[in-house]
Amino acid sequence: MNDDLGWNKIFGAILGTALVILGLTIAAQMIYAPHKAAKMGDAIAVAEDTSEGGAAVADTPPDWGTVLPAADVAAGLQVSTKCASCHTFTNGGADGTGPNNWGVIGRQPGSKPGFAYSSAMQDFGKKVPKWDYDHLYLFLAGPQNYISGTKMSFVGLKKPEDRINLIAWLRQQSSSPAAIPAPSPKAAAPAAGAKVAETGANATAPVSAAAGNATGTAGQTGSGAAAAPKSDATAPGAPPK
């Protein structure tokens, strides 16, 4: 009889402990239940640097014939690491959250076989025949702003030089890299004008200095020449000592 009561007490203690643990587990799950974000990805706002003052400059595509040959491709590779969590860039690489981007420059938006694009990107691809330098530059600045409804939640690259370097690197990730256009004459004209102005300013200073030196020398020479004849003319008429 005593033995039966002893076992009952042991089983009761075990059962009670199990119930307490179960209750604590359920309570913890209710308190610390994870909340899924409405949109995947972390959009981190980046404040623009206005410390230099002045009006904001319009973020328009650059002259690719000028900037691509001078771009830092190694820096573009470094920028691409920000995209590597969603994209691969190797030939035949697998799709991730985003499509494989080997040969993306020149490819029609929303057209890579086997990837489930958003309807917004598919609609964009119907209007834009290919990803060229200009469209990539503007898209990478803020994907959600440029194509409303795209699944790409990346906040974007705010610095123009980061986008230029990344595009220069992306261009090389292709079996047939896209051609670099010839530099625009309009873009080259201001630089040429600045060089001409600088050359003219540098050339004027020596001429002015030379003219000043010549004038000074002439003045000194004239003064000396006037004094010498007077001295020579006076000498013969001077009373002998």
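Throughout these views, "buried" means a relative accessible area under 20%, "exposed" means over 50%, and "partly exposed" is whatever falls in between. One thing to keep in mind: the model is predicted.

**View 1. Lys126 and Asp123 pair up within helix α4.** Start with a salt bridge inside one helix: Lys126 and Asp123 both sit in α4, 3 residues apart, which is about one turn of the helix. The closest N and O atoms of the two are 3.9 Å apart, and that still makes a salt bridge because the cut-off is 4 Å. Asp123 has a relative accessibility of 40%, so it counts as partly exposed. Lys126 comes in at 68%, so this residue is exposed. In total, the structure holds 3 salt bridges, and the next two views show the others.

**View 2. Asp59 and Arg163 bridge distant parts of the chain.** Side chains of opposite charge can pair when their charged atoms come close. Here the side chains of Asp59 and Arg163 meet in a salt bridge, with N to O at 2.7 Å. The two residues are 104 apart: Asp59 belongs to the loop between α1 and α2 (64-70), while Arg163 belongs to helix α7. How accessible is Arg163? Its relative accessibility is 0%, so Arg163 counts as buried. Asp59, at 36%, is partly exposed.

**View 3. Lys112 meets Asp95 in the loop between α3 and α4.** This salt bridge joins the side chains of Lys112 and Asp95 at 3.2 Å, N to O. Both partners come from the loop between α3 and α4 (119-127), yet the pair links distant parts of the chain, with their positions 17 residues apart. Lys112 is buried because its relative accessible area is 18%, under the 20% limit. Asp95 counts as partly exposed, with a relative accessibility of 29%.

**View 4. Helix α3 has a buried side and an exposed side.** Have a look around the axis of α3 (residues 73-80). Gly76, Val79 and Ser80 are its buried residues. They span an arc of only 100° around the axis, so they lie on the same side of α3. What do these buried residues pack against? Their packing partner is α7. Over on the other side of α3 are Ala74 and Gln78, both exposed. At the N-terminal end of the helix, Asp72 acts as the cap, with a side-chain oxygen 3.2 Å from the backbone nitrogen of Ala74.

**View 5. Asn165 of α7 reaches over to Asp72.** Stay with Asp72 for a moment, but now from the α7 end of things. Asn165, a residue of helix α7, has its side chain at 3.0 Å from the backbone nitrogen of Asp72. Leaving out residues up to four places away in sequence, Asn165 touches Ala71, Asp72, Ala75 and Gly76. Gly76 is also one of the buried residues of α3. Is Asn165 itself buried or exposed? A relative accessibility of 12% makes Asn165 buried.

**View 6. Gln173 sits buried in a loop just after α7.** The loop in question runs between α7 (160-172) and α8 (185-237). Gln173 counts as buried because its relative accessible area is 14%. A polar atom of the Gln173 side chain lies 3.0 Å from the backbone oxygen of Trp169. Which residues does Gln173 contact once neighbours within four places in sequence are set aside? The list is Phe89, Asn101, Trp102 and Gly103.

**View 7. Pro62 meets Ile164 from far along the chain.** Pro62 is found in the loop between α1 and α2. Along the chain, 102 residues separate Pro62 from Ile164, but their C-alpha atoms are 8.6 Å apart. Apart from residues up to four places away in sequence, Pro62 touches Val67, Tyr137 and Ile164. With a relative accessible area of 22%, Pro62 is partly exposed.

**View 8. A nonpolar patch on the surface includes Leu19.** Last up is a patch made of Leu15, Leu19, Leu22, Ile26, Met30 and Ile31. Together these residues offer about 670 Å² of accessible area. Where does Leu19 sit? Leu19 is in helix α1, which covers residues 2-31. At 53% relative accessibility, Leu19 counts as exposed.

Note on methods:
Residues numbered from 1 in each chain as written. Predicted model: local features only at pLDDT ≥ 70, side-chain atom pairs only at ≥ 80, totals over all residues. Heavy atoms only, no water. Patch = residues over 30% accessible without salt bridge, like charges linked within 9 Å, V, L, I, M, F, W, Y side chains within 5 Å. Areas by Shrake-Rupley, 256 points an atom, 1.4 Å probe, with all protein chains shown as cover. Helix = DSSP H or I, 4+ residues; strand = E, 2+ residues; numbered from the N terminus. Buried < 20%, exposed > 50% of the residue type's maximum accessible area, 1.4 Å probe, protein only. Polar contact = N/O pair within 3.5 Å; in protein donor to acceptor, adjacent residues only side chain to side chain. Contact = heavy atoms within 4.5 Å. Arc of directions from axis to C-beta.
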